[in-house]
Every structure is written in structure tokens, then in C-alpha cells.
Amino acid sequence: MSSMPEEDAQQKQKLKKPSRFQMLVPESLVPVFLFVVAIPISMLMWIGHLAFSFFKETSRLDSDIAVVPPTRWLASTLIPLALVLHALRRKHVSKSGAILGSIIAFALSLASYSFLACLIAFFFSSSQATKFRQEKKKKIEEHFKEGGQRNWVQVLCNGGMAAQLAFLYILDMGCGERPVNFINDYRGSWLSLGVMGSFACCNGDTWASELGTVIGRAEPYLITSWKKVPRGTNGGVTILGLIFSAVGGALIGISHYVTVFYFVDAQQLQVSPPQWPLIIAGALAGFFGSVLDSVLGATLQYSGLDERTGVVVERSGKGIRHVSGVRFLDNHCVNLISSIAIGLLTPRFANTFWPTGN
């Protein structure tokens with residue numbers, strides 16, 4: 001009997017001991033650190049694409065989008081402003097989240113209305129998913145917020161990678177909508193699929209976590225061990241949740257597809273490959289983004305069950321039973337890493353199955 005308190009004390013001390021990374025970088029600044037690391041990585045990938053296109057003699061799609069028309073400047077200003085005001089009024093974002101969100105929305109809409117459509121689809125669908133069955137979520141989530149109000153860190157983690165790729169798109173391709181064509185427009189297609197993949201990853205994960213935890217009676221399984229865990233555990237998955245992740249990603253793909261179909265010139269679409277694979281790419285990005293998020297959550301996020309309240313928490317302490325993971329990353333960091341990885345992998349994978357012609 002006397003050995004039990006000693007074991008609990010040793011486990012508690014082990015769980016509380018901060019890692020070297022946490023001592024060097026405060027937890028609140030980890031998302032910023034990761035985003036800064038992602039910038040040179042993406043720049044390297046972009047330079048590689050430039051070199052690849054040069055040696056393959058890939059031509060750009062010349063059009064009149066080299067000069068940004070005043071209507072696009074106007075739309076890129078008014079639409080983000082309207083979105084931010086709506087979000088503030090509905091308490092979907094904080095003031096800091098609204099400021100950063102308006103900057104990200106401006107960059108996306110200036111680059112391509114397809115990117116803006118992905119942002120809008122993600123914002124509205126994820127907000128509704130977060131509000132769905134809020135009373136039930138309060139019982140299983142420790143830090144649940146009414147309406148899912150997002151601050152600047154959450155906005156950065158969900159939209160930072162897409163905004164960065166949109167900025168590279170403006171520098172390289174200009175402003176305007178372009179059909180996906182890896183043969184004649186490799187760089188533009190790569191960046192477009194990267195933006196869509198990043199949003200599909202975030203939306204798929206949000207749908208899986210916000211809907212999968214409150215719909216159905218099946219208990220989640222830890223993705224790394226396939227053992228049953230309490231609802232709300234980081235890394236816990238259900239079959240229904242994985243389906244929701246694919247549907248959430250497909251919604252982003254549909255938004256991108258509809259925008260391309262509507263804004264791109266009909267003659268240009270006729271000589272381009274089919275665009276329907278955007279929906280498949282979005283569904284796959286949502287699914288694998290959720291899987292990656294779950295793997296990271298099961299291993300690098302701490303999950304413990306508060307035996308007094310029955311709520312899953314992300315800290316160790318008295319009366320908290322360890323369920324999975326170690327306290328290395330928080331949920332924001334996991335979301336950012338997943339969006340970066342899927343944003344980089346989606347165009348590479350899509351290129352392998354994209355049709356070459358009409």
C-alpha cells in the first residue's frame with residue numbers, strides 16, 4: 001500500500017518536469033516559433049519549384065491579371081472587413097483575432113477569390129460545428145468557450161500557412177484565379193493546392209473533433225494504441241469522426257472548385273485538365289490532416305482524466321489520471337504543424353493522380 005503514493009509522486013514529478021524546448025521557448029510563443037520556421041522551409045520549396053519549372057521549360061499562363069484591377073483591391077478590402085465585423089458581432093473571434101484575421105483575409109482575397117472561398121467555407125462551417133451541442137461539450141472539455149471565440153494565436157495556427165502560400169502566389173503568379181494544371185502551370189497549381197490543403201486540414205480536424213465527440217454513442221479509440229479512451233482525449237478517434245474529417249475537407253475542395261469554375265475564363269477551362277479532383281484532394285487533406293493531428297495529440301499532448309469532474313484536462317496534478325501523451329505541445333501547436341505538413345504534401349500528392357487533359 002505504501003508504494004502507491006510513491007509511484008504517483010514519481011509519475012507526477014516526471015509529468016511536471018518541463019522539456020528543454022519548453023524552457024527555451026515559452027508555450028505561448030511556440031506557434032509563432034513554428035510559423036517562423038515554416039517560412040524558410042516554404043521559401044526553399046518555392047525556389048525548388050522555380051528551378052524545376054525553369055529546367056522543364058514550364059510556361060506561365062499569360063493573362064491580363066498582371067495588373068491588379070481596382071475592383072479586386074476594393075473587394076479585398078471590403079470582404080475581409082465585412083467578415084471581421086460579422087465575426088466580432090457573433091463573438092466568433094476576439095479583437096486580436098479579428099485584427100490578424102483581417103490581414104490574412106486581405107492577402108487571400110487579393111491573391112485569388114478561390115483562396116477567399118476556402119477561408120469563408122472554413123470559417124462559417126467550423127464556427128457552426130463548434131457551436132453544435134455546446135452543452136454536451138461543456139461536460140467533456142475543460143476550456144470550452146461559448147461560440148468557440150478564437151484569439152490571434154488560433155487564427156495564426158489555422159490561417160497562417162495558407163496566408164504565407166498566398167503571399168508566395170502573389171509574388172510568383174500575380175493576382176487572379178487559375179485552373180489547376182500541373183503541366184503548363186506547375187507553380188501556380190502547387191501553391192493553389194497548398195492553400196486549399198491547409199484549410200482542408202484545419203476544417204477536417206475541426207469537424208472531426210467538434211462533431212465526432214458529440215454525435216454517436218461509440219467511445220473513441222486512441223489512434224496510437226487503439227485502446228478505448230474518454231471523450232475529449234487528444235488523439236482519440238472514432239469512425240464517424242474520421243468520416244466527418246473527410247467531409248469537412250471535401251467542403252473546402254468544393255468551395256475552391258466552384259470558385260474556379262465561376263471566375264476562370266471558359267476558354268481557359270476548356271484547355272485545362274478537369275478540376276473535379278479538387279474535391280477529392282480536399283477530402284484526402286481533411287482526412288489525413290485529422291489523422292496527423294490525432295497522432296501528434298496522442299503522443300505530444302498530455303491528456304489526463306480529472307476523476308472528480310470526469311473532464312479530460314491537459315495538465316497533471318492531484319486527482320488526475322494520466323490517459324495519454326506527454327506535455328510537449330498544446331492544441332494550437334498541433335494544429336499549426338498539421339496545417340503546415342498537409343499544406344506542403346497536398347500538392348505533391350495531388351500531382352500524382354491529377355488528369356493530364358480534358
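**Exercise 1.** Work out whether V247 in this predicted model is buried, partly exposed or exposed.

*Solution.* Start with the number: V247 has a relative accessibility of 42%. Next, the cut-offs: buried means under 20%, exposed means over 50%, and partly exposed is in between. So V247 counts as partly exposed, because its value is 42%.

**Exercise 2.** Place V247 in its helix, then find which residues make a nonpolar surface patch with V247.

*Solution.* First, the helix: V247 is found in helix 10, which runs over residues 239–263. Then the patch: I239, L240 and I243 join V247 in making it. Its area comes to about 340 Å².

**Exercise 3.** Decide how helix 6 and helix 9 are oriented relative to each other, and list what touches what.

*Solution.* Grab the two segments: helix 6 covers residues 113–131 and helix 9 covers residues 186–212. Their axes sit 9 Å apart, at an angle of about 5 degrees. Angles under 35 degrees count as roughly parallel, so helix 6 is roughly parallel to helix 9. Now the contact itself. Helix 6 brings F115, C118, L119, A121, F122, S125, S126, A129 and T130. From helix 9 come S192, V195, M196, F199, C202, N203, T206, W207, E210 and L211.

**Exercise 4.** Zoom out and sketch the whole protein in numbers.

*Solution.* Count the elements: there are 13 helices and 5 strands. Check burial: of the 358 residues, 52% are buried. Turn to the surface: about 17600 Å² is exposed, with carbon and sulfur atoms supplying 65% of that. Finish with contacts: among those with a separation of 6 or more, 76% link residues 24 or more positions apart.

Definitions and conventions: Residues numbered from 1 in each chain as written. Predicted model: local features only at pLDDT ≥ 70, side-chain atom pairs only at ≥ 80, totals over all residues. Heavy atoms only, no water. Patch = residues over 30% accessible without salt bridge, like charges linked within 9 Å, V, L, I, M, F, W, Y side chains within 5 Å. Areas by Shrake-Rupley, 256 points an atom, 1.4 Å probe, with all protein chains shown as cover. Salt bridge = Lys/Arg side-chain N within 4 Å of Asp/Glu carboxyl O. Helix = DSSP H or I, 4+ residues; strand = E, 2+ residues; numbered from the N terminus. Buried < 20%, exposed > 50% of the residue type's maximum accessible area, 1.4 Å probe, protein only. Axes fitted to C-alpha atoms, helices over the stretch in contact; angles between N-to-C directions. Parallel < 35°, antiparallel > 145°, perpendicular 65-115°, else oblique. Contact = heavy atoms within 4.5 Å.
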